[in-house]
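I opened this notebook to record what I looked up in the structure. The entries follow in the order in which I made them.

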Amino acid sequence: PAAGPGAGAGMKQVGAAGAAGGGRLARAVRADGLPPQALVDDTEDVSLDFGSEEELALRKARIRHPLATFFHLFFRVSAIVTYLFCDWFSNSFVACFVTILLLLSFDFWSVKNVTGRLLVGLRWWNQIDEDGKSHWVFEAKRVPTVSASTEAEARIFWLGLIICPVIWTMFLFSTLFSLKLKWLALVIAGISLQTANLYGYIHCKLGGQKNINRVTSRLFGTADVPMRQNRRISQDGTEEHGKTGTR
Amino acid sequence: FPGLADVSIPQDIPVEGEITVPVGSHSPDEDYSTLDEPVKDTIMRDLKAVGKKFVHVMYPRKSSALLRDWDLWGPLVLCVSLALMLQGGSADSKDDGGPQFAEVFVLIWFGAVVITLNSKLLGGTISFFQSLCVLGYCVMPLTVAMLVCRLVLLASTGTVSFIIRLIVVGAMFGWSTLASTAFLADSQPPNRKALVVYPIFLFYFVISWMILTFTPQ
């Protein structure tokens with residue numbers, strides 16, 4: 001299947017491993033005399049003929065998961081908007097409380113389970129093994145596929161993830177200082193849910209980057225060995241971009 | 001590996017290996033199955049897990065499903081519905097017959113957190129969120145009792161209705177406490193079981209008291 005960009009991505013990881021392990025090595029020329037640079041220009045979107053038209057359009061689009069992007073922002077922003085304007089919507093404290101709480105819960109679930117893995121390829125959860133010990137597992141997608149995320153999506157994801165807890169913290173202080181303490185429970189719930197997602201995803205992202213230099217992807221384990229060795233030598237450590245935004 | 005320094009590998013034998021990542025180490029097949037599954041699968045899986053737990057509360061057997069796959073959706077729904085019923089659904093006025101909505105909410109969650117801290121400090125092996133999950137799901141019989149009480153109060157408010165409500169609430173209280181201790185007491189050493197069961201007893205007792213003394217406007 002996708003030998004070109006797939007092999008290129010594998011090459012980036014392998015090359016980084018070589019550079020990290022052995023220090024900076026001079027660029028060597030391949031055994032058949034081609035300059036190594038020819039193998040490296042895979043970071044642009046190369047139009048390859050074996051993809052269908054839909055795949056090509058998908059690859060070129062700036063936002064590949066419009067629905068996920070919409071829902072990522074929808075629940076958070078509507079929770080904030082409802083909190084700010086609850087007096088306009090309804091007189092009842094209970095209705096506002098329940099609505100905002102449900103919006104915050106749906107936001108927590110959708111960001112944790114859906115938009116994280118669709119937009120940036122990260123996921124985190126808690127697992128309890130046979131002994132009853134709990135482990136927190138942080139997962140990062142290593143191999144970008146056709147429907148992997150773009151930079152615009154990743155930017156929207158992280159901005160939405162970071163700005164909303166900040167806004168809820170401001171609400172916390174405004175609640176404390178204006179002594180509207182009946183909203184305190186809701187604001188604290190909002191802060192904890194959104195900060196939990198933020199912390200989980202930052203942990204995923206940092207954990208993935210620390211280990212990326214030591215990972216050899218199994219998908220490329222059967223590639224031709226001589227070419228792999230040469231690619232490792234010729235790859236410079238600085239060429240490992242996070243341009244796909246999946247890291 | 002100094003002994004391998006002069007080993008030469010022939011060019012046509014593929015050499016492959018794998019370095020497992022300590023964080024999040026799954027095989028790539030498992031990665032794809034959870035990272036790339038369609039959204040509907042995720043929703044259905046979580047809904048089924050919640051439904052299974054409700055069934056487990058109704059028939060409390062010694063099963064590990066409630067403990068292993070914890071989630072807090074059930075406790076959230078139960079807590080909100082209980083607080084709504086206790087609040088009476090009227091607007092935020094000071095002359096309510098029942099406690100304020102936020103008070104019930106905070107009482108349930110704060111009480112559950114305190115019980116969890118207590119059992120952890122006593123050396124329990126259960127994790128924080130598992131304990132919250134169990135305590136939250138075991139509020140279900142009391143929510144049913146609240147529903148029954150409201151229906152009975154619609155009919156009449158005399159002594160007979162009070163006796164009916166007392167019996168119903170008492171039975172559900174016993175059921176809640178037994179269900180939660182069936183899951184939680186096992187994680188404690190034997191001479192400390194009473195120390196763990198007592199706060200749970202108190203927690204459900206307070207909730208039952210609120211239910212029993214609820215009088216509508």
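Throughout, I take helices (H or I, at least four residues) and strands (E, at least two) as DSSP runs, numbered from the N terminus. This is a predicted model, in which local features need pLDDT of at least 70, side-chain atom pairs count only at pLDDT 80 or more, and totals for chains, interfaces and linings use all residues. Residues are numbered from 1 along each chain as its sequence is written, chains are lettered from A and ligands numbered from 1 in the order in which they are written, and side-chain values use heavy atoms, with hydrogens and water left out.

Entry 1, chain B. I looked up the UniProt record, an unreviewed entry, which annotates "transmembrane region" at residues 70-89, 101-122, 134-156, 162-184 and 196-215 of chain B; such annotations may be inferred rather than shown by experiment. I then checked two of these spans. Residues 101-122 of chain B are 95% helix and 0% strand, with end C-alpha atoms 32 Å apart. For residues 196-215 of chain B, I noted 85% helix, 0% strand and an end C-alpha separation of 32 Å.

Entry 2, chain A. I noted 9 helices and 2 strands in chain A, in the order α-α-α-α-α-α-β-β-α-α-α from the N terminus. Buried residues (under 20% relative accessible area, 1.4 Å probe, protein chains only) make up 45% of its 247 residues.

Entry 3, contacts. Taking contact as heavy atoms within 4.5 Å, I found that Trp168(A) touches Ala79(A), Tyr83(A), Leu104(A) and Ile191(A), among others, not counting residues up to four places away in sequence.

Definitions and conventions: Buried means under 20% relative accessible area, exposed over 50%, partly exposed in between (1.4 Å probe, protein chains only).
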